[in-house]
Amino acid sequence: MNSTRRSWIVLFLLLSLGAIAITSATIRLLAMNDASLHGIPANDETGLQHYLDYSVISLMHLIPGSLFLLLGPFQFNKRFRQRAPALHRNFGKIFIVAGLMVGFSALSMAILFPVIVNSFSTIGNALFGTALILCLLVAYRFVRQGNIAAHRQWMIRAYVIGLTPASMRVFILPLFVILGEDKIMPIMPALIWFSFSVQILIGEFIIRRSPKPRPGVSQTANTANA
Ligand code: HEM
């Protein structure tokens with residue numbers, strides 16, 4: 001398969017993966033809107049009340065989270081970077097701000113929302129929210145210093161962490177259907193830790209497999225081919 005074809009397939013797969021969490025975010029936003037107009041349904045078991053109690057934080061999570069997952073695949077697409085470098089820079093700024101909002105809101109939600117199962121999931125969400133913030137700040141620092149190779153590595157780390165709520169749903173939703181909520185909820189904290197850890201390992205694998213910058217070649221030229 002040639003590299004152009006592969007890069008469009010990766011773009012499509014990442015957008016499709018992101019669409020899973022974007023769909024969940026849209027459903028949650030519509031439910032919040034409905035509840036604010038007509039009240040929370042008596043039979044609600046989805047924790048709608050705490051999303052409304054902390055509506056600003058929830059909106060700060062769901063809307064920028066969707067933007068983060070929408071822009072990410074384009075930012076890592078070689079053809080897109082080569083064809084529209086100015087757009088890549090502008091999208092990059094939006095991506096970083098959106099990612100920081102996701103990280104800070106995830107951290108706040110982990111602390112403020114009632115504990116879903118036990119504090120293991122709370123610690124996980126707080127830790128990975130913080131990791132997202134740190135990766136984005138380090139990535140930004142490197143791009144300001146002109147170290148594009150290091151910038152790219154930290155952006156990959158940030159993206160794989162932010163992509164976890166999407167990839168997690170790929171296997172958790174079928175598990176819910178097959179095994180039922182009663183069996184899945186108790187192991188939810190372990191699933192959260194497992195999903196984030198696997199994503200981080202995938203990110204490290206991608207970084208290690210990427211071609212190393214060659215001495216004497218400008219970093220910008222190198223990463224354009226990454
Ligand atoms: C570091 C990354 C992230 C962490 C640690 C995180 C953590 C959290 C936490 C703690 C909640 C509240 C769970 C609850 O008690 O109901 C939540 C909800 C949610 N998050 Fe994230 N999140 C992250 C990134 C994202 C991204 C990028 C999206 C993309 C849109 C997203 C979509 C959602 C959705 C849709 C919900 C609502 C779930 C529902 O409807 O039950 N999250 N997240």
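Which helices are included in what covers the buried residues of H6? The cover includes helix H5 (85-112), helix H7 (148-179) and helix H9 (188-209), where helices are DSSP runs of H or I with at least four residues, numbered from the N terminus. The model is a predicted one, in which local features need pLDDT of at least 70 and side-chain atom pairs count only at pLDDT 80 or more, while totals for chains, interfaces and linings use all residues. Residues are numbered from 1 along each chain as its sequence is written.

Helix H6 itself spans residues 119-144, and its 26 residues reach 37 Å from the first C-alpha to the last, close to the 38 Å expected at 1.5 Å a residue, the expected span being 1.5 Å times one less than the number of residues. Its buried residues are Gly124, Asn125, Phe128, Gly129, Leu132, Ile133, Cys135, Leu136 and Ala139; a residue is buried if 20 or more other C-beta atoms, placed from the backbone, lie within 10 Å of its own. Just after H6, Gly146 takes a positive phi of about 80 degrees.

Asn125 of H6 also leads to the ligand, which is surrounded by 27 residues, the closest being Ser24, Arg28, Gly65, Ala106 and Asn125; here a residue is near a molecule if its C-beta atom, placed from the backbone, lies within 6 Å of it. Two or more residues of this shell are given by each of helix H1 (3-38), helix H3 (55-75), H5, H6 and H7, and the largest share, six residues, comes from H3. By character, the shell divides into 16 nonpolar residues, 10 polar and one charged, with Ala, Val, Leu, Ile, Met, Phe, Trp, Tyr, Cys and Pro counted as nonpolar, Asp, Glu, Lys and Arg as charged, and the others, Gly among them, as polar.

Ala106, one of the closest residues to the ligand, is found in helix H5 and counts as buried because it has 26 C-beta neighbours inside 10 Å. Leaving out residues up to four places away in sequence, Ala106 touches His61, Asn125 and Gly129, contact meaning that the two C-beta atoms, placed from the backbone, lie within 7 Å.

Ile57, in helix H3, is likewise buried, because 20 other C-beta atoms lie within 10 Å. Beyond its neighbours within four places in sequence, Ile57 is in contact with Ser105, Ser108, Met109 and Leu112. For one of these partners, Ser108, the C-alpha atom is separated from that of Ile57 by 7.4 Å, although the two residues are 51 residues apart along the chain.

Technical notes. Buried ≥ 20, exposed ≤ 12 C-beta atoms within 10 Å, placed from the backbone.
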